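Grab a pencil and open the viewer. Below are some short exercises, each with a worked solution.

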Amino acid sequence: SLTVARGETATFVVTAMGPAVHEFMACPADAVAADTSGTPEIADISMTLSKSLTYTFDGSGPYAFACHAEGHYEAGMHGTINLVG
């Protein structure tokens with residue numbers, strides 16, 4: 001889990017270190033869990049490639065992050081983002 005201040009803008013830099021291709025999304029938890037189309041995400045993060053996603057946490061939450069590449073979410077590649085303040 002991560003902690004951010006309410007209203008904070010955070011930039012996530014994601015680097016894939018193995019041969020699997022990943023994606024990363026961070027937004028309201030219900031949209032993350034459902035892999036909702038149109039949510040802020042970066043796709044096709046391949047080996048040694050870094051990509052970034054910037055998001056402002058200005059709602060009431062809850063928020064989450066995840067990878068929905070095939071089987072990754074189900075294997076536990078997700079977490080919560082807690083708001084403070």
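Throughout, buried means under 20% relative accessible area, exposed means over 50%, and partly exposed is in between (1.4 Å probe, protein chains only). Before we start: this is a predicted model, where local features need pLDDT of at least 70 and side-chain atom pairs count only at pLDDT 80 or more, while totals for chains, interfaces and linings use all residues. Residues are numbered from 1 along each chain as its sequence is written, and side-chain values use heavy atoms, with hydrogens and water left out.

**Exercise 1. The cysteines**

Work out how many disulfides the structure has, and say where Cys-27 and Cys-67 stand.

Step 1: fix the rule. A disulfide is a pair of cysteine sulfur atoms within 2.5 Å.

Step 2: search. The whole structure gives zero disulfides. For Cys-27, the nearest cysteine sulfur belongs to Cys-67 and is 13 Å away. Seen from the other end, the sulfur of Cys-67 is too far from that of Cys-27 for a bond.

Step 3: check accessibility. Cys-27 has a relative accessible area of 1%, so it is buried. Cys-67 comes out at 3%, so it is buried too.

**Exercise 2. The open sheet**

Find the strand order in the five-stranded sheet and pick out its edges.

Step 1: get the terms straight. Helices (H or I, at least four residues) and strands (E, at least two) are DSSP runs, numbered from the N terminus. Two strands pair if DSSP finds at least two bridges between them.

Step 2: read off the order. The open sheet runs S1-S7-S6-S3-S4, with mixed pairing. Strand S1 (2-5) and strand S4 (41-45) have a single partner strand each, so they are the edges, and one side of each has no neighbour in the sheet. From one strand to the next the twist averages 20 degrees (axes are lines fitted to C-alpha atoms, for helices over the stretch in contact, and angles run from 0 to 180 degrees between N-to-C directions).

Step 3: zoom in on one pairing. S3 (residues 22-28) and S4 run antiparallel and are joined by three bridges. Met-25 has Glu-41 in S4 as its bridge partner.

**Exercise 3. Two faces of S2**

Sort the residues of S2 into a covered and an uncovered face, then find the strand that S2 is joined to.

Step 1: recall the pattern. In a regular strand, side chains alternate between the two faces of the sheet.

Step 2: sort. Ala-10, Phe-12 and Val-14 make up the covered face of S2, while Thr-9, Thr-11, Val-13 and Thr-15 are on the uncovered one.

Step 3: find the partner. S2 and S5 run antiparallel, with seven bridges joining them. Thr-11 stands opposite Thr-54 in S5.

**Exercise 4. Rings and core**

Classify the ring pair of Phe-12 and Phe-24, then place both residues in the core.

Step 1: apply the ring rule. Rings of Phe, Tyr and Trp (its six-membered ring) pair if their centres lie within 6.5 Å; planes under 30 degrees apart count as stacked, over 60 as edge-to-face and the rest as tilted. The count comes to six aromatic pairs. With centres 5.3 Å apart and planes at 50 degrees, Phe-12 and Phe-24 are a tilted pair. This pair spans 12 residues, from Phe-12 in S2 (residues 9-15) to Phe-24 in S3.

Step 2: widen the view. Ring pairs link Phe-12 and Phe-24 with Tyr-55, Phe-57, Tyr-63 and Phe-65 into a cluster.

Step 3: go to the core. A nonpolar core is a set of buried Ala, Val, Leu, Ile, Met, Phe, Trp, Tyr and Cys residues joined through side-chain atoms within 4.5 Å. The largest one has 22 residues, and Phe-12 and Phe-24 are among those with the most contacts inside it, along with Ala-26, Phe-57 and Ile-81. S2, S3, H1, S4, S5, S6 and S7 each supply at least two residues of this core.

**Exercise 5. Loop oddities**

Check the backbone at Pro-62, Asp-35 and Thr-48.

Step 1: Pro-62 is in the loop between S5 (50-56) and S6, and the peptide bond from Gly-61 to Pro-62 is cis, with omega near 0 degrees.

Step 2: Asp-35, in the loop between H1 (29-34) and S4, is a non-glycine residue with positive phi, near 50 degrees. Its relative accessible area is 33%, so Asp-35 is partly exposed.

Step 3: Thr-48 sits in the loop between S4 and S5, with phi near 65 degrees, again positive in a residue other than glycine. At 58% relative accessibility, Thr-48 is exposed.
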